[in-house]
Amino acid sequence: MTARPGSLERVFFDFSSRVKLRVVGADHLRFLNGQLTNDVRKATKTIALEACVLNAKGKMEAHLFAHANGDSFILDADPALRSTLQARLERYIIADDVQIEDVTGQFSIFHLISGTAPNLSVATRIVAANRFGRLGHDIWGAAQHEQLASELGKEFAHCDENCAEVLRIEQGIPRWGHELTGDIIPVEANLEQRCIDYDKGCYIGQETISRMKMSGQRNKQLCGLISLKNIPLVSGMRLTGPEGKEIGWITSATRSGEREIALAYIKRGFNAVGSRLTATSAEHPAILAEIIDLPFPAT
């Protein structure tokens, strides 16, 4: 059974390819709180915490989820970060009793959106996580990938990669390599409420984040766009305002039902909901679009 794109009812996703790191040692909690934007003490064995890893200028180096597992924490992040995330964290281990192990191949992860957790014959850990704008459950198995997928498929619809991409754009969820890159500060990507704790203490990049909170200013903001004439929008398109001035760019685009929608970064002063702009590229004609609230309203 395969879920239709955009569906949020009784569906599961296969996130087993995500990079997974185990962080252990006497100082692992203090160390992680000095690296992540959120308060790791809020993560438990049954509740995952969403957070970012930043550089000293407050720009993104990773986006991840973390949960407790015995005397360690397990981090999971986009597969594209496998070659960089562990090295980035280890760079700041100075005199700390902390060890970081890549355990990507040891676990399968399936994410489930359903009012109830499944009854599985395979031993798993179930961790609450909000990955698509609503609470779901991560199902961690000790690499029993095929068996878990088969059991879940009997009761829930599988949301494949295309389905998941449509859903996350509809929900305004930023993705590493698309909305989240080394040029982006988390508050610009609408991650402030989900990923930042302003009271937990110091971490790498905190000064920039705190200054932005105090000023209330950000140079650009992640916004939703809808094509007014239903012409497909394309990732990478440049956006221009009424006077032809470049004001942003499209990061992701898809067809949602009968609509052509996109996520885009738009400069301050031009990103009010209801504003109209033009999307262009060398390969595509000018397309009129309108800024819309995220998440996109259901049709």
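Arg194 counts as partly exposed, since its relative accessibility is 27%, and in this predicted model the residue forms a salt bridge with Glu50 in which the closest N and O atoms are 2.8 Å apart. That pair links distant parts of the chain, with Glu50 in strand E3 (residues 49–54) and Arg194 in helix H5 (residues 192–195), 144 residues apart. The count of salt bridges comes to 22, and the points below take up some of them before turning to the surroundings of Ser275.

**Salt bridges between distant parts of the chain**

- On the other side of the bridge to Arg194, Glu50 has a relative accessibility of 7%, and because buried means under 20%, Glu50 counts as buried.
- Arg175 forms a salt bridge with Glu165, the closest N and O atoms lying 2.9 Å apart, and this pair joins the loop between helix H4 (161–170) and H5, where Arg175 is found, to helix H4 itself, which holds Glu165, over a separation of 10 residues.
- Within that pair, Arg175 is partly exposed at 29% relative accessibility, whereas Glu165, at 19%, counts as buried.
- Lys220 forms a salt bridge with Glu188, with 3.3 Å between the closest N and O atoms; Lys220 belongs to strand E11 (residues 220–227) and Glu188 to the loop between H4 and H5, the two being 32 residues apart.
- Lys220 counts as buried at 15% relative accessibility, and Glu188 is likewise buried, with a relative accessible area of 2%.

**A salt-bridge network**

- Arg18, Asp76, Arg131 and Asp138 are linked to one another in a network of salt bridges.

**The surroundings of Ser275**

- Ser275 sits in the loop that runs between strand E14 (259–267) and strand E15 (276–280), and with a relative accessibility of 23% this serine counts as partly exposed.
- When neighbours within four places in sequence are left aside, Ser275 is in contact with Phe270, Ala289, Glu290 and Ile291.
- For one of these partners, Ile291, the C-alpha atom is separated from that of Ser275 by 5.5 Å, although the two residues are 16 residues apart along the chain.
- A polar atom of the Ser275 side chain also lies 2.9 Å from the backbone oxygen of Ala272.

Key:
Residues are numbered from 1 along each chain as its sequence is written. This is a predicted model: local features need pLDDT of at least 70, side-chain atom pairs count only at pLDDT 80 or more; totals for chains, interfaces and linings use all residues. Side-chain values use heavy atoms; hydrogens and water are left out. Helices (H or I, at least four residues) and strands (E, at least two) are DSSP runs, numbered from the N terminus. Buried means under 20% relative accessible area, exposed over 50%, partly exposed in between (1.4 Å probe, protein chains only). Contact means heavy atoms within 4.5 Å. A polar contact is a pair of N or O atoms within 3.5 Å; within protein, one must be able to donate a hydrogen and the other to accept it, and residues adjacent in sequence count only if both atoms are side-chain atoms. A salt bridge is a side-chain nitrogen of Lys or Arg within 4 Å of a carboxyl oxygen of Asp or Glu.
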